[in-house]
Amino acid sequence: MDIKHIRGSLPSKEELDQAAELFKACADATRVGILCALLRSELCVCDIAEILGMTSSAISHQLRSLKQLRIVKTRREGRSIYYSLADEHVAQIFQTAFAHIREGDI
């Protein structure tokens, strides 16, 4: 095993920090619920709140965090703002996580 080769192939410190922030954001059941809902469809805050049985205010707070981390993106239509997953990579992370869980590996 060539330790120098492994060290040289690791992501940068900045990339490691960003990945840690991504996983930290996903360490909350409410945020995971939001992301699971957004896996299925673009939704507004009030729809997400109804789906999860929470207040719009609580959902908005969580969406702000997810947007700052570029996990979700927004689209404005008139006075409404719709949220969706930022890209296919985010969807793949969650699809893989739930496939792993359903296989009973953890």
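This passage walks through the helices, strands, core, surface and charged pairs of one protein chain.

The structure is a predicted model, in which local features need pLDDT of at least 70 and side-chain atom pairs count only at pLDDT 80 or more, while totals for chains, interfaces and linings use all residues. Residues are numbered from 1 along each chain as its sequence is written, and side-chain values use heavy atoms, with hydrogens and water left out.

A good place to begin is the strands. Helices (H or I, at least four residues) and strands (E, at least two) are DSSP runs, numbered from the N terminus. Two strands are said to pair if DSSP finds at least two bridges between them. Strand 2 pairs with strand 3 in the antiparallel sense over 6 bridges, and Lys73 has Ser84 of strand 3 as its bridge partner. These two strands, 2 and 3, form a hairpin with 2 residues between them. In the turn of this hairpin, Gly78 has a positive phi of about 65 degrees. Strand 1 also pairs with strand 3 in the antiparallel sense, over 2 bridges. Here, Leu43 finds its bridge partner in Tyr83 of strand 3.

The interior comes next. A nonpolar core is a set of buried Ala, Val, Leu, Ile, Met, Phe, Trp, Tyr and Cys residues joined through side-chain atoms within 4.5 Å. Buried means under 20% relative accessible area, exposed means over 50%, and partly exposed lies in between (1.4 Å probe, protein chains only). The largest nonpolar core has 22 residues, and those with the most contacts inside it are Leu35, Leu38 and Leu63. At least two residues of this core come from each of helix 3, helix 4 (45–52), helix 5 (56–68), strand 3 (80–85) and helix 6 (88–102). Helix 3 gives the most to this core, with 6 residues. Leu38 can be looked at through its contacts (heavy atoms within 4.5 Å). Leaving aside neighbours within four places in sequence, Leu38 is in contact with Leu43, Ile48, Leu63, Val72, Tyr83, Ser84 and Leu85.

Helix 5 offers two further residues to look at. Gln62 is found in helix 5 and counts as buried because its relative accessibility is 13%. Not counting residues up to four places away in sequence, Gln62 touches Asp28, Thr30, Arg31 and Ile34. Ala58 is also found in helix 5, but Ala58 is partly exposed, with a relative accessible area of 27%. The C-alpha atoms of Ala58 and Ser84 are separated by 17 Å, and the two residues are 26 residues apart along the chain.

Charged side chains add another layer to the picture. Side chains of opposite charge can pair when their charged atoms come close. A salt bridge is a side-chain nitrogen of Lys or Arg within 4 Å of a carboxyl oxygen of Asp or Glu, and the structure holds 4 salt bridges. One of them joins Lys13 to Asp17, with the closest N and O atoms 2.8 Å apart. Both residues lie in helix 2 (residues 13–25), where Lys13 and Asp17 are 4 residues apart, about one turn of the helix. Lys13 counts as exposed at 58% relative accessibility, whereas Asp17 counts as partly exposed at 37%.

Helix 2 also carries the salt bridge between Glu21 and Lys24, whose closest N and O atoms are 3.0 Å apart. Glu21 and Lys24 are separated by about one helical turn because they are 3 residues apart in this helix. Glu21 is partly exposed, with a relative accessible area of 33%, while Lys24 counts as exposed at 51% relative accessibility.

Another salt bridge is formed by Glu42 and Arg75, with 2.7 Å between the closest N and O atoms. This pair links distant parts of the chain, 33 residues apart: Glu42 is in the loop between helix 3 (29–40) and strand 1 (43–44), and Arg75 is in strand 2 (residues 72–77). Glu42 is partly exposed, with a relative accessible area of 31%, and Arg75 counts as partly exposed at 33% relative accessibility. Salt bridges that share partners join Glu42, Arg75 and Glu77 into one network.

The surface has a nonpolar feature too. Patches are made of residues with over 30% relative accessible area and no salt bridge, with like charges joined within 9 Å and nonpolar side chains (Val, Leu, Ile, Met, Phe, Trp, Tyr) within 5 Å. Ile3, Ile6 and Leu10 form a nonpolar patch on the surface, with about 270 Å² of accessible area together. Accessible areas come from the Shrake-Rupley method with a 1.4 Å probe, and for residues only the protein chains shown count as cover. Within this patch, Ile6 lies in helix 1 (residues 3–9) and counts as partly exposed at 36% relative accessibility.
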